[in-house]
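Colleague: I would like to learn how to read a ligand site and a domain boundary from a model. Could we work through one case?

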Amino acid sequence: MTIAQQMPKADSHLPDIEATARGLYIDGNWRQSKSGRKIGVTDPSTGALLAAVADATVEDAQASIEAASRAAPGWRSTPPRKRSEILRRCFELMIERSEMLATLISLENGKALRDARGEVAYAAEFFRWNAEEAVRITGEFGIAPSGGNRIIVDYQPIGICLLITPWNFPAAMATRKIAPALAAGCTVILKPASETPLTAYALASIYEEAGVPPGVVNVLTTSEPAQLSAAILTDPRVRKLSFTGSTGVGRLLLTEAAKQIVSCSMELGGNAPFIVFDDADLDAALDGAMVAKMRNAGEACTAANRLYVQSGIYAAFAEGLAKRMAALTVGSGVDALTECGPMITPKAVEKIDRLVADAKAKGARVMCGGEASAGPGYFYPPTVLVDMPEGVEMAHEEIFGPVAPIYRFETEDEVVARANDTEYGLAAYVFTRDAARGLRVSSALEAGMIALNRGLVSDPAAPFGGVKQSGLGREGGQHHGIAEFMEAKYIATSF
Ligand code: NAD
């Protein structure tokens, strides 16, 4: 018996997992996959089977392209005010059901309920923000330099979009794409991660109830993402790929998208430096480190992956951080007291263990944690490593777990060079009381987003995205997010 079958159905705060897993969502209908196969969804805090969802085939993917294609003319010609009202309703329904959604996220992803509640609020905000933006999409009008004619630029929906999302923020990574795509007038096919499909399906029910017409949003889960995405991207009707996930998979998808010259937005991996200068406010830096490292138990692309602390404040910072990390309550995400939930899979725990073992072997000292916990569940304890040597693997790889390695530095130039010594460039954090230095270092860091004296960088109102191998394009922000789903059309007049 799965956990879904054991869950009480009466409490509206609890998700009805069986109903949520009722099928693929294609053309406004819930249907089983053509193969009849299922994918198991596991509770990472126990390893127990939570539910099973439909496993889509290429044939199902083709049905979703048909549906998105049929719905496209109606949706792009729906008045922006009407589109805006539907998006607003999605926001309202998400807020009304936030406790249910947070519990569902926590069950399938493992994150602590407080993190899951934060994610639902963040995810819903993309609908409110884009409801407001949907009615403000404008074009451009100008006089050609010759003076002989006018130039009109019209922004039009780019077309059918394939959206692929990861497991670490199952609600927010989906709404950060769906809301602007719908605001722009596009129809979409969402392929969520197979570790966390339930949230995507629960949200699909909300879109349906909010009045999103059939075929405008289609949701498919599959155990064969490469085959399905290849089939979708070779259909000439599909004009956009928006992907959030690892840099390795992003690179593969860029190659697939190249075949039909499909427009790509890529939100990829990170290796964020977290820099604390001697003159920083120690408590603010520690508060910031706890958020930047421990939001989502470290399973975030923006997570502080390398903490660089200047010599004068190094000992106090390390001691303060170890005290806070060691005091965290580790447990099942749905337990109200939990502050750090399990990792997503046993493989994720193995990777963290390997990176920590490498650092220890090269001379790092463990202040707390440092070894994977015994099962059941996929737990790794909050860990602080000090005296970090050069040449460790975790300086170049995403740890994606609750491990804070603290490196010592002496000068500003040195730390900027070390922070930039990575192929990634997503987020970076800087703590200093010197405003001029804060701005100078922010400007020198090769990252798409800088948090200055704070531990949280994500905001639906700001453009989210990376440079170097952390990605292409931006999500959120006033015009950035919607612009990714629009094409400029220039009309030259004769007058
Ligand atoms: P992943 O790349 O393994 O998977 C992401 C998505 O791609 C999933 O839906 C997966 O099923 C699908 N996928 C996997 N292989 C595929 C293939 N060959 N073809 C097509 N689709 C495929 O990443 P993940 O483990 O789910 O997520 C963690 C990664 O995502 C980390 O690297 C993290 O930094 C990154 N991430 C980035 C952002 C950002 O905004 N930049 C946000 C969240 C996560």
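Modeller: We will go through the domains, the ligand shell and one residue in turn. Keep in mind that this is a predicted model.

Colleague: Which domains does the assignment give for the protein chain?

Modeller: The assignment gives domain 1 (3-268 + 471-492) and domain 2 (272-458). Their C-alpha centres lie 30 Å apart.

Colleague: How many residues of domain 1 are in contact with domain 2?

Modeller: On the domain 1 side there are 18, and they are in contact with 22 residues of domain 2. Helix 5 (98-109) and helix 6 (113-134) each contribute at least two residues to that side of domain 1. By class, the side of domain 1 that touches domain 2 has seven nonpolar, eight polar and three charged residues.

Colleague: Where does the ligand lie with respect to the two domains, and why?

Modeller: The ligand lies between domain 1 and domain 2, because both give residues to the shell around it. That shell has 29 residues, of which Pro166, Gly245, Ser246, Glu267 and Cys301 come nearest. The shell divides into 15 nonpolar, 11 polar and three charged residues. Helix 9 (225-233) and helix 10 (247-258) each supply at least two of the shell residues.

Colleague: Take alanine 230, in helix 9. How is its exposure read from the count of C-beta atoms within 10 Å?

Modeller: A residue counts as buried at 20 or more other C-beta atoms within 10 Å and as exposed at 12 or fewer. Alanine 230 has 18, so it is partly exposed. Alanine 230 is also 8.2 Å from leucine 253, C-alpha to C-alpha, with the two 23 residues apart in sequence.

Terms used:
Residues numbered from 1 in each chain as written. Predicted model: local features only at pLDDT ≥ 70, side-chain atom pairs only at ≥ 80, totals over all residues. Near = placed C-beta within 6 Å. Helix = DSSP H or I, 4+ residues; strand = E, 2+ residues; numbered from the N terminus. Nonpolar A, V, L, I, M, F, W, Y, C, P; charged D, E, K, R; others polar. Domains from an automatic or database assignment. Contact = placed C-beta atoms within 7 Å.
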